[in-house]
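Hi everyone, thanks for making time for this. I'd like to walk you through some side-chain contacts, so let me put the structure up.

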Amino acid sequence: MATEVKAELLESRLSMEDFMKMQSLFLMSGSSVLPMSMQRAEFVERCCSVIGRGSQEEYSHLFDSVDVSREGWVDWERLATFLLLGLSNKEEHAKAAAVPRWRPARTLPTPHRDTIHSITHLPTSGRYLSVSKEGTLAVWDEKNLTLLRNHRLSNDSVKPKDLWVTGMVVLPNVHKIACSFTSKEICFYDLLSKQELSLQYKLHGLHYTPISLHYWHHPQRPEQAVLSFGDVGGQVSGVCFRSALISLFERPSAAVEQDSAVSISWAELQQGCHRCCYTVTHTAHTGHWVRTVRFLGSLEAFVSCSSSAQNSMVLAWREGETRPLRVATFHTENGIIDLDYHPGLNFIATAGENNQVCLWNPYLISKPVGVLRGHVTSVVAVRFMLGKKQLISFSKDKVLRVWDMATQLCVQRIAGIFPKTQECRTLLFFHEERSRLFLSFNSALLLLEAKKESGRRVMSHESAVTCVLYNSLFRQVVSSDASSAVTCWLMDTGQKVKQFHRCHGDAEISTMALDTTQTRLFTAGTDGVVKVWDFNGHCHHSLNAGRGLAVEIAQILVLKRTVLVLGWERTITVFRLNSFSQYFVQPAEWKGGVQHRDDVVCAAFRSPQTLVTGSSDGEIIMWNNSTEIALCKLSSDSTPPQDLKSKSDNTLSKTSISNARRPSTNSASKLLALCGKEDSESYGITRLAVVEGRMGAAATGGADLVSCGGLGVVRFWNTISRRLVGEFVAHKDSGSIVLTVDSSGRYLATADMDGRVKVWDIQDYCLHPTETVTNQAPALLSSLRPHVNCVTHLETCVHGDQLFLLSASTDCSLALSFLPGPTIGIFGQEVHWHLGGPGVGLLEKVKEVKSETSRETDESSKVQQSSFCNLESPQSPESARTDHHTPAEDEDEEKSGTQQPHILCDSVAEQGQDSEDGCGVGLPLSDSKQRPYVNGVQNSSVGALSELRLEELDTVGELTKPDFVINPHLYFGLMWESSAPTPPPLPEAREKGLKAAIDEKSLFPKEVLEQVDRPPGAQHHTQRVSMMRNYGRFIGRRLGKPKASASGVFKAK
């Protein structure tokens, strides 16, 4: 793990005024038109003296960068050209490296009843086409994606019930589509005929069934086109058209009706009977199905792939029409499933069975020029985004990744939003102009649409941020990303402190955790390894969580004696801390065995020994962490849950399985109706959190555990009665959400896949028992959007006696916000913020607010409570309306485009750089109307004194003396009338004694001193001590001093 501190280039730090000063140096004195040139020494000296920013070494480096030809001089034209080219390249790279911001996934209603075999776009009419196995062709509108119509493809060679379509391709230059069938035929349908989809040509007599089609036409000469197809026999064939605009094939005679289909034999084409086209063929994949075939127009070559390890990919080209195709084979392990080509980069991307995406140069067949690692299962599809120079890959475990071709790193990972089907065929189609990604899962069709990029965005990391933590010991924020980098930030300013690269090599860091001492950092990679680091970058231990396999680790839970790792299997992987004596640590056996029926993805712990785990199928199980025995499964219906017993065969008992029911009809049906779903199968647990400070409430039936997952639903549970207490929809129309709860148990923060973060007041939510499940949402305190893409992690922290919220996102940004309150900024932005204590920069504003609210008491008495503190503080109607929300009102605001003043809307979501107040988002830090410290009152939300209310004391009136003080003789009688004894007078200190120095001769009599001056001895010493002690006591009694004073004087001496 290497530490890197990057220094920004000089030309990036110079402002517009600095460039104007630099331009003035090249203008001759007395002239503003004629430029002059300068040599190296003169350029460095004058720039350092006039601009005053940058060192001599930096200006020397700038001179050398401009003077690439080493002529020894530069002028303003050369310098300006260099700067403009540098800025242009930087802007182009930033645009290409921008992570796509996908809208929520949409499932399109399709008429298909069987597997979809092809999805394509018809540019001439603005339509999308999809065809399925049974021959149903669906036509979609390009603008609003509505289903216009569907057709049933016909082929007179087979009966309709025996029709089986294997592929489809669009011929846009001739307004036709070509479909292949299992009858070893390719049919061409005319899109412009009077009859819809009339069959015009039929190519029959093929040797094998074609399963993959591709069509290419020359952009400048559209009459030249190539139709290529691969079949199940390993043969790749191509039909090269010479005059496609006139006719694809020749008609046999004039006697044939114009509307009838022309039947063409493959043998006739191979013999050259049709002068308007010719064929080419190679059999390099003999014995294996040709999965994908492409004709590369820039290379004039055919590229195809198969599952063969020897001939995984074949590149074939023709040196002349009379010569056969020459082939070059590419070898990979386990073969290739899919491929795509980028003409600008000249890269061929392949999806391999070995979980890797390989990048190939067509001229280098020995090895790939790049290997993209990160998938844990076989990759089934790849597609290039040509404009952004990025690659989309999709794996068998339904994980989508976006790769940057410049850095060959994963910049985005999407999972959990796709249908959970066991075995399915998945197709990818990316429409470049609309930035739409279509994914098919058997007969289902899913759409991901990217949002338009607007302006410049601040990025904290170079790739998607996967986790964020707060280290209270060092007062720093720690974040990780998909490129296996860990970064430390200053909490007070947002500046980067240090960065560690390649912590897990090429594997992505999926999650992190801190130990109780805050000195050890646990990082989990997709390579199945958990590493233990210190903050100097030294790795102390390597935990083999995946047992040698690359697995997806979802969470690390560091406890007092164990470390729990989970996310990829149905059981819990445990490491005992007493076994951390070696560098490599192997997992121990979890005594509870397998209790979940799906992968365990999250967990929460309540001291002293309660462990709660959640799985991807929505199941929650409670454990005794000391004995590692499963206690029970939380049930969402009214039936009380039964206890679970860990068996030796690691299986659930039949009784426990039968109680694994879905949510009750009363609660779940309402939620599903709001979410637009017909079933609750997609509800899976993504986060679990224990609500602190509710042990007493839990004993009486209140909620002490909160969970979230699919459909944007948040649920509150009681772990003692083991039942569902409350649930509500936090984010409508959201596939999956994440949450966190602050340490006091007052605030709940949730975030969705659109970058929106909401903060809820749960201090009194589900605090008291009810007979039915509560469906009403708690009070919504704030709703903001600090990110433009999916939020991956939320973390609350206490810094300087104030609550903050940290959020990480796949848009490569890490945001800091008040809890509750507005967003402060993005870590890594140019303008740094400055965090102070609760009194810094706030006292003056608080006084102003108090004076304003005192004048508006009458007007604001009808307004609701402030959204940032549960106090009855008067505000203006506008602020009250802005601060208080209901979920329905908030969704209406999202649809209408209106935003609250403190929300980062799209126009501000780029973290504007023009802010001068240190926030970086155009929000002043001292705006107390958006802070928890308002009107001089604060309800402490952290610590053991969280229930105390701190406010100004009431004015104390005049105190009246009690009657026994005014009339003591009535209460104390004779005791009061009797005279009290007079205390003895204090000894008067003589002025002479004070001024005179004290020595032994003046303190002790002469006879005592004579006894002391005798020769030393044990007996004389004892007598000396006794004599001086007795004499000291005598003097003490005479002077009224304590008896031990003389002894103390002697001891001190």
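Let's start at Phe 295, and keep in mind that this is a predicted model. Phe 295 has 10% relative accessibility, and because anything under 20% is taken as buried, this residue counts as buried.

What does its ring pair with? Its partner is Trp 216: the two ring centres are 5.1 Å apart and the planes meet at 50°, so this is a tilted pair. The contact joins distant parts of the chain, with Trp 216 in strand S13 (residues 210–217) and Phe 295 in strand S18 (residues 290–296), 79 residues apart. Across the whole structure, the search turns up 27 aromatic pairs.

Some rings gather in a group: Phe 26, Phe 43, Tyr 59, Phe 63 and Trp 76 make up one aromatic cluster. Tyr 59 and Phe 63 also appear among the buried residues of helix H4 (residues 56–66), along with Ser 60, Leu 62 and Val 66. Looking down the axis of H4, those buried residues fall within an arc of 160°, so they line one face of the helix.

For the electrostatics fans, there are charges over rings too. The charged end of Arg 78 sits over the ring of Trp 73, 4.0 Å from its centre, and that of Lys 133 sits over the ring of Trp 164, at 3.7 Å from the centre.

Finally, the cysteines. How many disulfides are there? The count is zero. For Cys 276, the nearest cysteine sulfur belongs to Cys 277, 4.5 Å away. Cys 276 is buried at 8% relative accessibility, and Cys 766 is buried as well, with a relative accessible area of 8%.

Methods: Residues are numbered from 1 along each chain as its sequence is written. This is a predicted model: local features need pLDDT of at least 70, side-chain atom pairs count only at pLDDT 80 or more; totals for chains, interfaces and linings use all residues. Side-chain values use heavy atoms; hydrogens and water are left out. Rings of Phe, Tyr and Trp (its six-membered ring) pair if their centres lie within 6.5 Å; planes under 30 degrees apart count as stacked, over 60 as edge-to-face and the rest as tilted. Helices (H or I, at least four residues) and strands (E, at least two) are DSSP runs, numbered from the N terminus. Buried means under 20% relative accessible area, exposed over 50%, partly exposed in between (1.4 Å probe, protein chains only). A charge sits over a ring if NZ of Lys or CZ of Arg is within 6 Å of the ring centre and within 35 degrees of the ring normal. The arc is that of the directions from the helix axis to the C-beta atoms. A disulfide is a pair of cysteine sulfur atoms within 2.5 Å.
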